[in-house]
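Colleague: Please take a close look at one stretch of backbone for me, and then follow the contacts that tie its surroundings together.

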Amino acid sequence: MTRLKSIFPLLPVLMLMLTYIVTYFLVLKGTAAYIIPSVLWVFTFILAYPYKRSSTLSSFQFKVVVASLATFSIVANFIGGLATNLGKTPYTLEPIPLVFNLFYGVSRALAFEYTRGIIVAKFLKGKNSIGIVLRFIAISSFFALLILNPYRVLGLENAIEAIKFLNMIVFPAFIENILLTQIVYMSDPSTSLIYRLVKIGFLYTSPVLPDLPWTLKSTLNIAVVLISLIVLGSLDTTKRFTGLSREDRIDLKGYLWVIPVIILLLLFSGFFGVKPYVVISGSMEPTLNIGDIVFVGKTSFNDVKVSDIVAYYDGNNIVIHRVVEIKNNDRKVILKLRGDANDNVDPIDVTKELFIGSVVFKVPKLGLVPIYLSNLIKSFNLWS
């Protein structure tokens, strides 16, 4: 009987996984695609609600702080949209479709946050340790994976698209779920729900939404969450905002591991003025090998010299080769390039319009992961 009691609170976790399967692997059409997952999420919330943590202090002040952090995220993205581009919302604002969208978003938020509350209460116990931090990461990763569309993953065609997908979708989802898990750990699911409801309300009711370049979107969302974690870490030093004892809290020092991760994510998102590209051919061997990741910086076209390794557009492809000659053709500078392993010069005359930048540095073999992922996805597509 005791074993059954310990298993029953985890039923909402199984329900979330079932809903994921129903949402993405069953062919649901029309309103059924909204109604069926939403009903399952409501049922998940009903199962999870009795097991919410009630021992922690959930002050009104803390809920206001969390709502302010969600608003800060919206404002930061909107300012980014004003600086780049604002687009018309893809969601209809007609009353009935709006209700369906809100029902879908709110029911998912209820199921996720109250199930998160169960998992946090069950597995994040004890003193601040590396074990708690690892479990913290695992919980956040679980909820991040549950929002990823598997067909979007299977639709990735190459390593560059895989990196773009990781930067634009996976990394921001993971880092935001770290924030939501921290909010639940400090307070309860109703507080993290406030964060999500503020963002859901804006998403489905605003007539215009930021349409940011993927590098800026990734960088901005990661930076906003990092700032929010720092704010929560500073609040965690006072008993007023949380009922957790000092021994049971993950304080700001527990987030030191986040700093190198964030720097790495910002680097891969192009925040520091360099963009990563995966080497997928052997045309530059032995200087650049298949699977190396090269970081290309925005350098002036006129500053390029012979022997520099640069990147340029060849239609929809990006080529990274070495400059072997610089010509002035009709008062227009043209770069002639060749791969170190090639016998012939590239057939394309690289002009300023095709030039991307110069290679700043490389990370050997790190790109083998997205290459293998891309090949695996292609093999799945062949069998489907």
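Modeller: Serine 307 sits in the loop between β4 and β5 (309-314), where helices (H or I, at least four residues) and strands (E, at least two) are DSSP runs numbered from the N terminus. The model is a predicted one, in which local features need pLDDT of at least 70 and side-chain atom pairs count only at pLDDT 80 or more, while totals for chains, interfaces and linings use all residues. Residues are numbered from 1 along each chain as its sequence is written, and side-chain values use heavy atoms, with hydrogens and water left out.

What draws the eye to serine 307 is its positive phi of about 90°, although this residue is not a glycine. Most residues other than glycine have a negative phi, and most peptide bonds are trans. With a relative accessible area of 41%, serine 307 is partly exposed (buried is under 20%, exposed is over 50%, and partly exposed lies in between, using a 1.4 Å probe and protein chains only).

A second backbone feature appears on the other side of β4, in the loop between β3 (274-278) and β4 (293-297), which holds proline 286. The peptide bond that leads into proline 286 from glutamate 285 is cis, with omega near 5°.

That loop between β3 and β4 also contains aspartate 292, whereas lysine 362 belongs to strand β8 (residues 355-363), so their pairing ties together parts that are 70 residues apart in sequence. The two form a salt bridge whose closest N and O atoms are 3.8 Å apart (the term asks for a side-chain nitrogen of Lys or Arg within 4 Å of a carboxyl oxygen of Asp or Glu). Aspartate 292 is buried, at 1% relative accessibility, whereas lysine 362 is partly exposed at 34%.

Further along, aspartate 340 pairs with arginine 322 in a salt bridge, with closest N and O atoms 2.8 Å apart. Since aspartate 340 lies in the loop between β7 (332-338) and β8, and arginine 322 in strand β6 (residues 317-329), this pair ties together parts that are 18 residues apart in sequence. The aspartate 340 end of the pair is partly exposed, with a relative accessible area of 31%.

These pairs belong to a structure that holds 7 salt bridges. In the helical part, aspartate 188 forms a salt bridge with lysine 63, and their closest N and O atoms are 3.8 Å apart. Because aspartate 188 lies in the loop between α8 and α9 and lysine 63 in helix α4, the parts tied together here are 125 residues apart in sequence. Both aspartate 188 and lysine 63 are buried. Glu113, Arg116 and Arg196, for their part, are linked in a network of salt bridges.

There is also enclosed space to consider: the count comes to 1 cavity of 30 Å³ or more (on a 1 Å grid over the protein atoms alone, a set of points where a 1.4 Å probe fits but cannot get out, lined by residues with an atom within 4 Å of a point). About 70 Å³ of space lies in the largest cavity, and the residues lining this space include Tyr20, Trp41, Arg108 and Leu146. Two elements, α2 and α5, each give two or more residues to that lining, and α2 supplies the largest share, 5 residues.

Notes
1 Å grid on protein atoms, 1.4 Å probe; cavity = no way out; pocket = protein on both sides within 12 Å on 5 of 7 lines; lining within 4 Å. Points joined across faces, edges and corners; volume = space filled by probe spheres on them.
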